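Subject: Structure handover

Hello,

Here is the structure I said I would pass on. My notes on what was found in it follow directly below.

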Amino acid sequence: MKLLLTITLLLSSFIVDAQTYIRQGKGDYNEVLYTWDGKYLRQGKGVYNTVLATYDGKYFRQGKGDYNTVLSTWDGKYLRLGKGDYNDVLCTWDGEFIRQGKGDYNTVLYTFDGKYLRQGKGSYNTVLYTITGEIPIEVLIFIVN
């Protein structure tokens, strides 16, 4: 029992410290533009850099804080402007493409394959960002808006 508790605590400490880096262009060693730690989106590389947004699973808020101004709302498919499930739709996520506005047939703005965010529709288009680690798609959509 003590061994199981020790292993659980050890593994949870790794999960807590896990960070995702969003790098400029294509490459795992390019400049880090953003850091994602599971709740805060930070500018640059590091846990002490400026917090750009706080995400609680539904709302993106300005800066660091659970009660700050809501910038966007995520409902699982649509990123909406401000706070509310009926506000204007900025982007639609269909599982592979980030589309402009509301609709599964609108213009494709970006393609995401799990590592690279590419401009437009296609696997060979220009890479805008390289993702090192795990990131919810809604955070990536928030960044590009």
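Y21 has T35 as its bridge partner in strand 2, and T132 as its bridge partner in strand 12. These are places in a predicted model. Strand 1 and strand 2 run antiparallel and are joined by 4 bridges. Strand 1 also pairs with strand 12, again in the antiparallel sense and over 4 bridges. Of the 5 residues of strand 1, 4 are buried, so the strand is mostly covered.

The wider arrangement is a barrel. It is closed by 12 strands in the order 1-2-3-4-5-6-7-8-9-10-11-12, with antiparallel pairing. From one strand to the next, the twist averages 20 degrees. As background, strands of a sheet pair through backbone hydrogen bonds, and the pairing can be parallel or antiparallel.

Helix 2, residues 137-144, lies across strands of this barrel, including strand 1 (20-24), strand 6 and strand 12 (127-132). The helix runs at about 135 degrees to strand 6.

Next, strands 4 and 5. Strand 4 covers residues 51-55 and pairs with strand 5 in the antiparallel sense over 3 bridges. A53 has Q62 of strand 5 as its bridge partner.

T54 also lies in strand 4. Is T54 buried or exposed? Its relative accessible area is 2%, which is under the 20% cut-off, so T54 counts as buried. Leaving aside neighbours within four places in sequence, T54 is in contact with K39, Y40, Y59, F60, R61, G63, K64, G65 and D66. For G65 there is a distance to give as well: a polar atom of the T54 side chain lies 3.1 Å from the backbone nitrogen of G65.

K64, one of the contacts of T54, sits in the loop between strand 5 (59-62) and strand 6 (70-74). K64 has a relative accessible area of 54%, and because the cut-off for exposed is over 50%, K64 counts as exposed. With neighbours within four places in sequence left aside, K64 is in contact with Y40, R42, V51 and T54. How far apart in space are K64 and L52, C-alpha to C-alpha? They are 7.2 Å apart, while in sequence 12 residues separate K64 and L52.

To recap the two residues in contact here: T54 is buried, whereas K64 is exposed.

Regards

Note on methods. Residues are numbered from 1 along each chain as its sequence is written. This is a predicted model: local features need pLDDT of at least 70, side-chain atom pairs count only at pLDDT 80 or more; totals for chains, interfaces and linings use all residues. Side-chain values use heavy atoms; hydrogens and water are left out. Helices (H or I, at least four residues) and strands (E, at least two) are DSSP runs, numbered from the N terminus. Buried means under 20% relative accessible area, exposed over 50%, partly exposed in between (1.4 Å probe, protein chains only). Contact means heavy atoms within 4.5 Å. Two strands pair if DSSP finds at least two bridges between them. Axes are lines fitted to C-alpha atoms, for helices over the stretch in contact, and angles run from 0 to 180 degrees between N-to-C directions. A polar contact is a pair of N or O atoms within 3.5 Å; within protein, one must be able to donate a hydrogen and the other to accept it, and residues adjacent in sequence count only if both atoms are side-chain atoms.
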